[in-house]
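I wanted to go through this one with the viewer open and jot down what I looked up. These are my notes, in the order I made them.

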Amino acid sequence: MMQLAVRDEPLLNVDNLVVEYGLGNKTVHAVSGVSLQVARGETLGLVGESGCGKSTLGRAVLQLRRAKSGRVLFDGEDLTAMEGEALRKMRRRVQLIFQDPIASLNPRRRIGDIVAEPLIIAGVKDATERKRRVHEVLGAVGLDPDLVAGRLPHEFSGGQCQRICIARSLVLNPEFIVCDEPVSALDVSIRAQILNLLEEMKARFGLTLLFIAHDLAVVKAVSDRVAVMYLGRLCEVGPSEQLFAKPAHPYTGLLLQAIPVPDPDVRPAESVATGEPPSPIAPPSGCRFRTRCPRADQRCSAEIPELREVAPGQFAACHYPLA
Amino acid sequence: MSAPLLTIEDVAVELPTPRGNLRAVDHVDLSLEAGRTLGIVGESGCGKTMLSRAVLQLLPKKAKLTGRVMFDGEDLVRLDAERLRHLRGRDLAVVFQDPMTSLNPVLTIGTQLMETIQEHLELDAPAARKRSIELLAAVGIPAPEQRLAQYPHQCSGGMRQRIAIAIALSCEPKLLIADEPTTALDVTIQAQILDLLAREQRRRHMAMIIITHDLGVVAGRADEVAVMYAGRVVERAPTQALFKRMHMPYTEALLAAIPKLETAPHTPLPAISGRPPDPTRPLKGCSFAPRCRYAAGRCHEAKPELKGAEMPGHLYACFHPIQMAEEVGA
Ligand SMILES: Nc1ncnc2c1ncn2[C@@H]1O[C@H](COP(=O)(O)OP(=O)(O)OP(=O)(O)O)[C@@H](O)[C@H]1O
Ligand SMILES: Nc1ncnc2c1ncn2[C@@H]1O[C@H](COP(=O)(O)OP(=O)(O)OP(=O)(O)O)[C@@H](O)[C@H]1O
Ligand code: SF4
Ligand code: SF4
Ligand SMILES: [Mg+2]
Ligand SMILES: [Mg+2]
């Protein structure tokens, strides 16, 4: 089902994607039939608790993990059907930024070489051209190329390492970037710097982003639309403002209630959530949220709720959505 | 006002490093009464953990500690190891960010709980077992009897933190120090754990220190907040007063930099430029000066002392405080 307005052109269209992991003789149902679209020039935020399958979905979109079934259409072409050279060509257009900036940089290589690496892999042979590109992107992320290019990762703070990772992801001029928890490991003061930088880069380079995080306020700060995941399935997707103002899925409502607000006049809601997420090895039948949902009844365990439009542009997968 | 249960007096912690001496805690004074909750907030590396370890007398061996830590009439800094061990785990308890720091991976949950209880409360095995089950139930563990036979790795992160809390509470401590108890957990679980801590704290009239980098965590749950920056307490106030009328530019900047749910998407965040100073290279002036938008004159030359504002109990360390009475009135 198309979740975008008619005027929006989907750059990415994920259709009924299923991704599983084998674990001994068991199966981890990490992503179980997720469909979503990202319009050209838009940022789609993806939120959900640890282990709900956000990174798996992001990696499957980029074909770093192959899906069991379903399709990933990028600019109209099905990435899941691509192999070899065709896939390699396509990969230049899509990039990934990780959560742990320090661990994702090779400690023995100089910053200039780290940022140039994608260019080498992509076959850019001209060293002067590579150097020009590296300087351009390092400058764009707010680092002085002459000062940093010759240094090693350990000489930089977490925030600076994330700037370097962002520079590396931009060097091939991609159209689409999956940002997997890019600020979760950073301090509050540095986090704001990096979020602002991502917004700036998006405007400057005309990027489309899939922005993964577990912090709802962080996601809202940068996203046009937000998708909420729970235990491998999509619960709700819709325009950011609307979704936060009027959540339709009980799980979205619960997430919003649980956020600690930096205002002493807002009393924290007493234990909103009961219990913890079940294991993705044996997910509950019917609605996967039913073991923690205050509204659950017979129908919820018998029947998987389909994603339905509950308000213009807002879709929820629930038999009894919040009014 | 009753006498404080805990008084931290002029505590400083220095650590020798290859780059030189690192001043992790820089002359901190704090106090806390029974039944009250103190929140300590600040960015990574500002000295929160070192300060709490100074209270618990659990500093790295090479660390140099000066000052006094008065707890229930005794100076912990000068106590012998035997007496300290007795206090820790009984009157003084701690919960860390990573519950595996306090749990032993090779012992069952039951063994760990019962050992602590038997050692400190002189109960026999059946009574200790009964008490363990009650405690696990109190911290919200379903089927507590079955849990006793399990090992920590068989539990989720949230469960493990509940178990660590149960062990910390098992001997009715007078003071509980929770160092980022929920940072590693999801928001829904985080809310459950914070509720649990608040409930047990009220019920037991226990004093509690919550350490966090999230102003949101302390806003609704601490009576008083101390903001730390570069090893020092730079502002301290009753929670309401701090959020209503902060005087320290750093506190203001820290609060402003947090993304808020009520803000429209794509609103640029008021970020704090730069990063905290290198703790092995102390600055001559105010440690926040290189990042402070109000910095001028003396700020680069001298260290502002912590001094009292118009509200009793509100202290700040700044030469050009914001939101002072005359400004607010004007
Ligand atoms: N290589 C793997 N083998 C087996 N199971 C895996 C593997 N990678 C992930 N999983 C499992 O798949 C599920 C989804 O994991 P995933 O990393 O996608 O979650 P996530 O939403 O990104 O979580 P987090 O917020 O913690 O990063 C989890 O239950 C996880 O334990
Ligand atoms: N074992 C150690 N040896 C030397 N320096 C240390 C040691 N542990 C911490 N430090 C340093 O002491 C200072 C204070 O660290 P501390 O762990 O107290 O910070 P924190 O406020 O708890 O930070 P976080 O939010 O990251 O936990 C930091 O500069 C840190 O690098
Ligand atoms: S379908 Fe049922 S269990 Fe699932 S969220 Fe809706 S009400 Fe709750
Ligand atoms: S003393 Fe000066 S530099 Fe320090 S916080 Fe106050 S105004 Fe800023
Ligand atoms: Mg992940
Ligand atoms: Mg710490």
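Before listing anything as buried, I fixed the word: buried means under 20% relative accessible area, exposed over 50%, and partly exposed in between (1.4 Å probe, protein chains only). Helices (H or I, at least four residues) and strands (E, at least two) are DSSP runs, numbered from the N terminus.

Ground rules next. This is a predicted model, where local features need pLDDT of at least 70 and side-chain atom pairs count only at pLDDT 80 or more, while totals for chains, interfaces and linings use all residues. Residues are numbered from 1 along each chain as its sequence is written, chains are lettered from A and ligands numbered from 1 in the order in which they are written, and side-chain values use heavy atoms, with hydrogens and water left out.

**Entry: α1 of chain B**

I started with helix α1(B), residues 48-56, and found that 7 of its 9 residues are buried. Those are Lys48(B), Met50(B), Leu51(B), Ser52(B), Ala54(B), Val55(B) and Leu56(B). Just past the helix, Gln57(B) has a positive phi of about 60 degrees.

**Entry: the A/B interface**

How many residues of chain A are in contact with chain B? I get 47 from chain A, against 48 from chain B, with contact taken as heavy atoms within 4.5 Å. The area buried between the two chains is about 3700 Å², and carbon and sulfur atoms give 57% of that. Buried area here is the accessible area (1.4 Å probe) that two parts lose on being put together, summed over both. I also checked which residues of chain A give the most: Pro262(A), Pro264(A) and Glu276(A) supply 17% of what chain A buries against chain B, more than any other three residues.

Then the polar side. There is 1 salt bridge between chain A and chain B, where a salt bridge is a side-chain nitrogen of Lys or Arg within 4 Å of a carboxyl oxygen of Asp or Glu. That bridge pairs Lys244(B) with Asp265(A), at 2.8 Å from N to O. I also count 16 residue pairs in polar contact between the chains, both residues at pLDDT 80 or more. A polar contact is a pair of N or O atoms within 3.5 Å; within protein, one must be able to donate a hydrogen and the other to accept it, and residues adjacent in sequence count only if both atoms are side-chain atoms.

On the side of chain A that touches chain B, α7 (188-205), α8 (216-222), α9 (240-245) and α10 (250-258) each supply at least two residues. The largest share, 9 residues, comes from α7(A). By type, that side of chain A divides into 23 nonpolar, 11 polar and 13 charged residues. For the sorting, Ala, Val, Leu, Ile, Met, Phe, Trp, Tyr, Cys and Pro count as nonpolar, Asp, Glu, Lys and Arg as charged, and the others, Gly among them, as polar.

**Entry: α7 of chain A**

Buried or exposed, for most of α7(A)? I find 15 of its 18 residues buried, so the helix is largely enclosed by the rest of the structure. I checked its length too: at 1.5 Å a residue, the 18 residues should span 26 Å, and the end C-alpha atoms are 26 Å apart, which agrees. The expected span is 1.5 Å times one less than the number of residues. Just after α7(A), Gly206(A) takes a positive phi of about 60 degrees.

**Entry: salt bridges**

Over all chains I count 44 salt bridges. Some that I looked at:

- Arg132(A) bridges to Glu129(A), with the closest N and O atoms 3.2 Å apart. Both lie in helix α4 (residues 127-140) of chain A, 3 residues apart, about one turn of the helix. Arg132(A) is partly exposed at 46%, and Glu129(A) is partly exposed at 30%.
- Lys220(A) bridges to Glu241(A) at 3.4 Å. Lys220(A) is in α8(A) and Glu241(A) in α9(A), so the pair ties together parts 21 residues apart in sequence. Lys220(A) is buried at 4%, whereas Glu241(A) is partly exposed at 42%.
- In chain B, a network of salt bridges links Lys130(B), Arg131(B), Glu134(B), Glu172(B), Arg199(B), Glu200(B), Arg203(B) and Arg204(B).

**Entry: two histidines**

His27(B) has a positive phi near 55 degrees; it lies in strand β2 (residues 20-32) of chain B and is partly exposed at 38%. His205(B) has a positive phi near 50 degrees; it is in the loop between α7 (187-204) and β8 (207-212) of chain B and is exposed at 53%.
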